[in-house]
Amino acid sequence: MVRDITIGQYFPGNSVLHNADPRLKLVLSFVSIVFVFVCNNFYSLALVLAFTVVAVLSSRISLKVILKGLRPMLLLLIFTSALQLFYNKQGTELFVSRFITITTGGIFTTIFMVVRIICLVLLSSLLTYTTSPTQLTDGIERLLSPLKVFGLKNGVHTLAMMMTIALRFIPTLIDEIDKITNAQKARGANFETGGIVQRAKALLPIFIPLLVNSFRHAFELSLAMSARCYNGGEGRTRMKQLKLAARDYVLMAAEFIFVGGVIALNIIFESVI
Amino acid sequence: MRGTDTKENLIPIIEFKNACFSYDSEDMGAELSPAVKDINLTIYRGEFVAVLGHNGSGKSTIAKMTNAILRPTSGKVFVEGMDTSDEELEIKIRQLVGLVFQNPDNQIVSTIVEEDVAFGPENLGVPPAEIRQRVDEALKTVGMFEYRFHEPHKLSGGQKQRVAIAGILAMKTDCIVLDEPTAMLDPVGRREVIGTIKRLNKELGITVVLVTHFMDEAVLADRIIVMNDGTIVKDGTPAEVFSDVKTIKESGLELPIGANMAERLKKSGINLGKGILTAEDFATAFSQFVVNNR
Amino acid sequence: MSLLELKNVSYTYGAGTPFEITAIKNINLTIEKGSFVGIIGHTGSGKSTLVQHFNALLKPTEGQVLLNGEDINRSKHSAHEARFKVGLCFQYPEYQLFETTVYKDIAFGPTNMGLSEEEIKARVLEAAEFVGLTDELLNKSPFELSGGEKRRAAIAGIIAMRPEVLVLDEPTAGLDPSGRKKILSMICEYREKTDSTVIIVSHSMEDVAAIADKIIVMNKGQVYKYADVHEIFAHSGELASLGLEVPPVTNIFLKLKEMGLNIRTDIYTKDQAEKELLRYLQKEGIAW
C-alpha cells in the first residue's frame, strides 16, 4: 500500500529536460508557473497550454505516467469547476433556474481555472519527473548559496544534506514498514476493522518499532558520516560541477519567448478575467 | 607478544597503549560499544589482522577507537603517531583509517552509488576532477563500476558493502577497519565482501583490520586477535591462535572446521600435524597422512 | 498425517503491472505433522515468499494452501485464524518489539486471539520459559534487553500463540557462534517438549542439517528437492554446484573425494565426519 505513493517520483531518461541544469530547471519551472497565472485572455491561455504540452512532450515521459499524475486532481477539478460554473454571477446570464445560474463569467473562470491547475500540476511534476532527487537538492543548495552572505553560513548546506538523507532513507523506511506490518500481522494484528480510534491504536505496533529503528538508523548513519570525515558544509567540494551547456541556453531562450509571448498577448488582447 | 622475526621492518600504523573505554551512562551507544580495558596492541602497515570475539566482547569498541569515533577514556591510541584524543587531528586520522560498519543500509548517504562514493573526498575538499578519478578507480577496485548510476537501495547486501568499501578507498586511506561487515549478509554477499577485502590487502597493500565472529573469515588473516570481556586474550598467527583450544572455547568461539576435525582425530590418536585450519588444509593433510602411512 | 499442504501454488508480485515478478511457481509440497523441516536456498530463491503463504500473509496468485485439509484463504476469518495456527517469526524479529514491557510484547499475539487474562498469563510465562527469559526480564522494557535476549523475546511472542506449526525465518542471522547454538538448542528443546511441527528457513545448511529431519531445497522459485536430510546429502556435490553453502564439514569430504579418496560425501555433522574418517583409516589399514 505504501509503495503506491509517487510524490516527487523521478523517471530516469535522456531527454533535453533530463539533461538540463537542475538550477535552471528550478528557476524556469518557477517562472513558468508564475506566468500560468499571469495570462488573462484566451490567446495567452492558449500559449500557456501549448507551452506546457511542448514541455511535456520534450520530456519524453510516457503520457500514461503523465495522466496518472493528474488523476488525483480530477475530483478537485470537477468539484471546483461545478462551484464556479453554477455560482459565479459575473458577466451575462446564459441560463437561469431556481438553484443555479450559468453566466459567461462563470464559464470563463472555470476554463481558466481548469487549464491553469492542469498546467501548474504538469509543470511542477515535470520538474521532479525529470530531475533526480540528488540533482534537485543539489540545485536548491546552489541556488540558495548566496544566502550564505546573510549569516546563514551552514544553514543552506544543512538543509540540502537533510533533504538528501531523507530521500535516501524513504525506500529503506518503506521496506521497513512493510516488514514490521507483516510481522505484526503474523501475530494477529488487525489493521482493517474497528472505529477510527481503534484503527489508530492498531498502528502503534508499527509506528513504535519504526520510530525506534529510525533512531538506530540515524545514530549509525551519523557515525558512518563522521568516519568519512563529514564536518558540515565548510571546505566541502563537489564531484559534479554544474555548468550551463548549449541546451540550457536553448531552454532559456524558449522560456523568454514564452514569457514575452504571454506579456504581448496580454497587452494586445483584452483581459477576460 | 608477536613472535615474528621481521618485526624490525614493520612500521606501526595504529597503536593502542593501555587504552580503556567505558560509558558512564547507559545511552544509546552503550549496547553498541561495550567497555574495553587496558588494550595494548600495535597494527603494522600492510598487515591483515582479524579481531575475533563473541558479541559484547568489545571487538567493535576497538574498531571504533581506531579512528577517533570513540576516544579512550584512559590510555592512548595513536594513528601514525597522531593522538586520537586530539580533536584537531580528527580529520587527518579519519582520512588515514577508514571504517566500514555492519549494517550496509546505515552507511550509505546518497541516492546514487557514485555520489555516495564521492562523499568522503568531497568532505576532504578534494578538487572535483580528482574526486571523479578517485571515485571511478575505487568503484573499479571493488567491482562496482558498472553499478555507478544505480540507486543503492536496489543493490544486494554484498554490493552495498562493496560500495561502502569504495567510499573509504576514495579517501585514499592507508588502513581499512571493517566492523563485522558480513554479519548481515547471505553466503554469496559474504564471499563477495571477503574476496574484495583480501584483494585490497594483497594487491593494493592496504592494511586491513577485520572484526568478525566467523572463524572461516579469521583464518584468512595474517594475524588474529581474540577478545573476551573487553580484553585481548590471544594475539598470534591463525595457527598459533587456533592451537590454543582452551582460550578459544573460553572466549565463546569455535575452531575453524579443519582445526576442529584435526582436534577430534587427535583424541583418537591420529595426529595430522600442525597448522590445519580450513577444510582444504584438513583434506590435504588427511590425504597426505593416508599416503604416508599406507 | 499431512498438516500443511500446498497445491500448485504460484505467487507473482505486482501482478498486472509492468513490474511483474514471479517469486514462486507451481509449488506442491506437504508438511507432515510433527516433522522438523529446513528450507534452504539463496537470496531470491523464493523461500521467504513461500513461508508467507503458510499463514496466509500472502494469498497465492494461483493454487491452494491447505491447513488440516482446509483452504486457509477460503475466508477473511480463516486467513486470520491461520496466523495463530502457523506462527511465523520473521528475520531479525527483535526490530518488531514495541510494547512497554517484555511481558506485554509476548502477550500481543495471545491478546489478539481474544484469550482470557489468565490464559494469556499462562502462555506468556510458558513461552518465556521456553526461550529462557527470567521473570525479572519480563517486566523490563524490550529496548533494555541485549541483542540475543531481544531475539528470544520476539520468538517467545510467536511461541505464546501455541501455534501448530512454528516457522522461523533465519532465526540465527547476525548471531555469534554461542548465540547461534543457544537459539538452535532452544528450538530443538521446544520441539521435543511440545511435539509441534517446526520449519526453519536458512540460507546456510550448517545449522539446518544438524537439527532438521527433512529439507526443502528452493531454487529459482521452485522446489528443487524435498527429502530426508541424509537423502539430500547423498548428492552433496550437486548442492554445491547450485551455489549453496554446504556445511563446512561436508566440504572436507567433497575435497577428499576430489583428491581421489574413496570416501563417503553424504556427511553433514562433525560426529558423522569423525566416524567416517576413522572408518576410512581402518579400512585402509592405517588405524587400528
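Reader: What area is buried between domain 1 of chain B and domain 2 of chain B, and how much of it do carbon and sulfur atoms give?

Author: This is a predicted model, and in it the two domains bury about 630 Å² between them, with 83% coming from carbon and sulfur atoms. On the domain 1 side, B:Val219, B:Phe242 and B:Val245 supply 55% of the area buried against domain 2, more than any other three residues.

Reader: What makes these two separate domains, and where do they begin and end?

Author: Domain 1 covers 7–254 of chain B and domain 2 covers 255–294. They're called domains because an automatic or database assignment sets those bounds. Taken over C-alpha atoms, their centres lie 32 Å apart.

Reader: How many residues on each side count as being in contact?

Author: Domain 1 puts 8 residues in contact with 6 residues of domain 2. They count because they have heavy atoms within 4.5 Å of the other side.

Reader: How many salt bridges does the rule find across that domain interface?

Author: 0 salt bridges, and the count of residue pairs in polar contact, both at pLDDT 80 or more, is 0 as well. As for helices, α9 (238–243) and α10 (245–250) of chain B each supply at least two residues of the domain 1 side. The largest share, 3 residues, comes from α9(B).

Reader: Which residue classes make up that side of domain 1?

Author: It splits into 7 nonpolar, no polar and 1 charged.

Reader: Now the chains. Why is the pair A:Lys240 and B:Glu114 called a salt bridge?

Author: The closest N and O atoms of A:Lys240 and B:Glu114 are 2.9 Å apart. The cut-off is 4 Å between a Lys or Arg side-chain nitrogen and an Asp or Glu carboxyl oxygen, so the pair qualifies. The count between chain B and chain A is 6 salt bridges.

Reader: How many residue pairs are in polar contact there, and which helices of chain B take part in the interface?

Author: The rule finds 15 such pairs, both residues at pLDDT 80 or more. On the side of chain B that touches chain A, α1 (29–32), α3 (90–96), α4 (113–123), α5 (128–141) and α6 (157–169) each supply at least two residues. The most comes from α4(B), with 10 residues. By class, that side of chain B divides into 20 nonpolar, 13 polar and 8 charged.

Reader: And what area do the chains bury, with how many residues in contact?

Author: About 3,200 Å² between them, 60% of it on carbon and sulfur atoms. In contact terms, 41 residues of chain B meet 32 residues of chain A.

Conventions
Residues numbered from 1 in each chain as written. Chains lettered and ligands numbered in written order. Predicted model: local features only at pLDDT ≥ 70, side-chain atom pairs only at ≥ 80, totals over all residues. Heavy atoms only, no water. Buried area = accessible area lost by both parts, 1.4 Å probe. Polar contact = N/O pair within 3.5 Å; in protein donor to acceptor, adjacent residues only side chain to side chain. Helix = DSSP H or I, 4+ residues; strand = E, 2+ residues; numbered from the N terminus. Nonpolar A, V, L, I, M, F, W, Y, C, P; charged D, E, K, R; others polar.
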